[in-house]
Amino acid sequence: MSKRLLLLATAVALCSTSICAQPRDVAGAELFGKHCVACHQTDGEGIPGLAPPLVGALKKIVEVDLGRTYIAHVLVSGMAGTIKTRVGKFTGVMPSQAALSDHELAAIASYVLSTFNESQVALKPEGFAALRSKALPPGEVRKLREQVLAQIDGQ
Ligand code: HEC
């Protein structure tokens, strides 16, 4: 094998490992497909009576500090109770996703924000790590959502 070919072969081998990691959105998309689509669906539109739509739902929420905390809490703590969405009132239970790693949660959140909410805000793994010891009961997360919406309305 010529030197050049050998170099080429090495490069190809490297690229099948994590050194050639996919861009964040691809990892986020895969994780979303694995852990969220059953309820929120591939297009993020949710299922009537089972899960609310994520499309457009976080656009304003992510713009405020408390909103970013809320989004992280939904994943770490879960959420339960009645919420108002753009498709009407919705009562359900979102199971905590705390079994996923901080990096996985950050990748999923950033995917949901960029793909379904036209937001370039990326939530950091450190933020999820910090929240784990402060997990809330799911009903409290729903109250947090109301606080965030009131804050946005008052702007
Ligand atoms: C078993 C079904 C289920 C799964 C799986 C699930 N969710 Fe949910 N999700 C819900 C329900 C139900 C709600 C609303 C809870 C309520 O009514 O209080 C919700 C709410 C949300 C919200 C809040 C939306 C808003 O308008 O404020 C976000 C964000 C969210 N889910 C993201 C995710 C992500 C990301 C995943 C994957 C890691 C995921 N969910 C997995 C059922 C699910």
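## Ligand shell

A residue is taken as near the ligand if its C-beta atom, placed from the backbone, lies within 6 Å of it. In this predicted model, 28 residues surround the ligand, and those that come nearest are Cys36, Cys39, Ala57, Gly92 and Met94. Sorted by class, the shell around the ligand comprises 19 nonpolar, 7 polar and 2 charged residues.

Several elements each supply at least two residues of this shell, namely helix 3 (37-40), helix 4 (65-77), strand 1 (79-85), strand 2 (88-94), helix 5 (102-117) and helix 7 (138-153).

## The strand pair

Strand 1 and strand 2 run antiparallel and are joined by 7 bridges, and they form a hairpin that has 2 residues between the strands. One of the pairings links methionine 79 to its bridge partner in strand 2, methionine 94; Met94 is also among the residues that come nearest to the ligand.

## Nonpolar core

The largest nonpolar core holds 29 residues, of which Leu58, Ile71, Val74, Ile108, Ala109 and Val112 touch the most other members. Helix 2 (24-35), helix 4, helix 5 and helix 7 are the elements that give two or more residues to this core, with the largest share, 9 residues, coming from helix 5.

Alanine 109 illustrates these contacts: when residues up to four places away in sequence are not counted, alanine 109 touches Ile71, Leu75 and Leu123.

## The loop between helix 5 and helix 6

Two consecutive residues of this loop differ in their surroundings. Glutamate 118, found in the loop between helix 5 and helix 6, counts as exposed because it has 11 C-beta neighbours inside 10 Å, where the limit for exposed is 12 or fewer. Serine 119, whose place is in the loop between helix 5 and helix 6 (125-132), is partly exposed, because 17 other C-beta atoms lie within 10 Å.

Leaving aside neighbours within four places in sequence, serine 119 is in contact with Lys59, Val62, Leu113 and Ser114. Serine 119 and lysine 59 are 60 residues apart along the chain, yet their C-alpha atoms are separated by 6.6 Å.

## Positive phi values

Most residues other than glycine have a negative phi. Against that background, glutamate 118 has a phi near 45°, a positive value in a residue other than glycine, and glutamine 41 likewise has a positive phi, near 70°.

Glutamine 41 lies in the loop between helix 3 and helix 4, and it counts as partly exposed because it has 16 C-beta neighbours inside 10 Å.

Technical notes
Residues numbered from 1 in each chain as written. Predicted model: local features only at pLDDT ≥ 70, side-chain atom pairs only at ≥ 80, totals over all residues. Helix = DSSP H or I, 4+ residues; strand = E, 2+ residues; numbered from the N terminus. Nonpolar A, V, L, I, M, F, W, Y, C, P; charged D, E, K, R; others polar. Core = buried A, V, L, I, M, F, W, Y, C linked by C-beta atoms within 7 Å. Buried ≥ 20, exposed ≤ 12 C-beta atoms within 10 Å, placed from the backbone. Contact = placed C-beta atoms within 7 Å. Pairing = 2+ DSSP bridges.
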